[in-house]
Amino acid sequence: MAGVEQHEGTIQVQGQTLFFREVRPGSGQATRFSVLLLHGIHFSSETWQNLGTLHRLAEAGYRAVAIDLPGLGRSREATPAPLGGLVPSSFLAAVVDALDLGSPVVVSPSLSGMYSLPFLTAPDSQLRGYVPVAPICTDKINADDYARVKVPLGRLRCPCQEQRRVPSRAWGLDNQGVASGRS
């Protein structure tokens with residue numbers, strides 16, 4: 001398999017300079033879609049790099065972008081909302097536009113919920129998928145807004161499932177790898 005291409009840089013979003021790390025499939029490889037990786041309060045985009053997540057996603061054919069949220073990592077400006085407050089959905093929408101991510105999957109651990117949940121529940125949200133990892137602020141979104149979320153599901157795949165290391169039922173999937181709706 002061809003290698004991957006790595007890039008670091010900054011983008012301007014609503015008067016803030018945000019640092020990002022990006023890894024793409026190597027030249028000649030098709031890109032499936034973009035994955036935007038956010039982070040918690042004691043972490044940064046460097047965490048995703050050190051864990052190898054950016055590299056592994058690119059090797060699997062995805063464009064992986066991890067940003068440093070405002071006031072954290074190498075993004076120095078203050079947060080656009082008080083800690084634990086909801087950031088307007090326009091902020092993450094502007095990040096997605098500035099990075100030209102199209103309709104990404106957003107991975108949102110912990111603190112990043114204050115950014116991702118308003119974006120997820122926005123009426124015009126164009127998310128391909130959402131992976132919440134204990135995000136904060138879940139109690140600040142009302143049930144009607146959650147009920148209106150429309151994220152295309154398609155087929156859920158896990159590399160460990162394909163290698164038969166984890167039974168499908170552990171992921172809530174049927175034998176074809178499709179979400180069954182059972183809990």
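**Exercise 1. Burial of α4**

Determine, for this predicted model, how many residues of α4 are buried, and state what follows for the helix.

*Solution.*
Step 1. Apply the cut-off: a residue is buried when its relative accessible area is under 20%.
Step 2. List the residues of α4 that meet this criterion: Gly 113, Met 114, Tyr 115, Ser 116, Leu 117, Pro 118, Phe 119, Leu 120 and Thr 121.
Step 3. Nine of the nine residues of α4 are therefore buried, and the helix is largely enclosed by the rest of the structure.
Step 4. Identify the surroundings: the buried residues of α4 pack against α3, β5 (105-109), β6 (129-133) and α5.

**Exercise 2. A residue of α5**

Classify Ala 147 as buried or exposed, and give the separation of its C-alpha atom from that of Thr 121.

*Solution.*
Step 1. Locate the residue: Ala 147 belongs to helix α5, which spans residues 143-147.
Step 2. The relative accessible area of Ala 147 is 57%. Exposed means over 50%, so Ala 147 is exposed.
Step 3. Thr 121, by contrast, is among the buried residues of α4. The two C-alpha atoms are separated by 8.8 Å, although these positions lie 26 residues apart in chain numbering terms, that is, the residues are 26 apart along the chain.

**Exercise 3. Order of the sheet**

Establish the order of the strands in the sheet and name the edge strands.

*Solution.*
Step 1. Count the elements: the protein chain contains six helices and six strands. Along the sequence they follow the pattern β-β-β-α-α-β-α-β-α-β-α-α.
Step 2. Arrange the strands in space: the six form an open sheet in the order β1-β2-β4-β3-β5-β6, with mixed pairing.
Step 3. β1 and β6 are the edge strands, each pairing on one side only. From one strand to the next, the twist averages 20 degrees.

**Exercise 4. Two parallel pairs and a crossover**

Describe how β3 pairs with β4 and how β5 pairs with β6, then assign the handedness of the crossover through α4.

*Solution.*
Step 1. Strand β3 (residues 34-37) runs parallel to β4 and is joined to it by four bridges. Ser 34 stands opposite Arg 63 in β4.
Step 2. β5 and β6 also pair in the parallel sense, over five bridges. Here Val 107 stands opposite Val 131 in β6.
Step 3. Trace the connection: the chain passes from β5 through α4 to β6, a right-handed β-α-β crossover.
Step 4. Add the helix on the other strands: α3 lies across β1, β2, β3 and β4, at about 135 degrees to β1. α4 packs on the sheet through β5 and β6, and its direction makes about 140 degrees with that of β5.

**Exercise 5. The nonpolar cores**

Which residues touch the most other members of the largest nonpolar core, and which elements contribute to this core?

*Solution.*
Step 1. The core has 29 residues, and those touching the most other members are Leu 36, Ile 67, Val 95 and Leu 99.
Step 2. At least two residues each come from β1 (4-13), β2 (16-25), β4 (63-67), α3 (89-98) and α4 (113-121). The greatest contribution is that of α4, with five residues.
Step 3. Examine one member: beyond residues up to four places away in sequence, Val 95 touches Ile 11, Val 13, Leu 18 and Ile 67.
Step 4. Separate the remainder: a second core of 11 residues includes Val 23, Tyr 62, Ala 64 and Ala 66.

Technical notes. Residues are numbered from 1 along each chain as its sequence is written. This is a predicted model: local features need pLDDT of at least 70, side-chain atom pairs count only at pLDDT 80 or more; totals for chains, interfaces and linings use all residues. Side-chain values use heavy atoms; hydrogens and water are left out. A nonpolar core is a set of buried Ala, Val, Leu, Ile, Met, Phe, Trp, Tyr and Cys residues joined through side-chain atoms within 4.5 Å. Buried means under 20% relative accessible area, exposed over 50%, partly exposed in between (1.4 Å probe, protein chains only). Contact means heavy atoms within 4.5 Å. Two strands pair if DSSP finds at least two bridges between them. Axes are lines fitted to C-alpha atoms, for helices over the stretch in contact, and angles run from 0 to 180 degrees between N-to-C directions. A crossover is right-handed if, with the strands pointing away from the viewer, the path from the first strand over the helix to the second runs clockwise.
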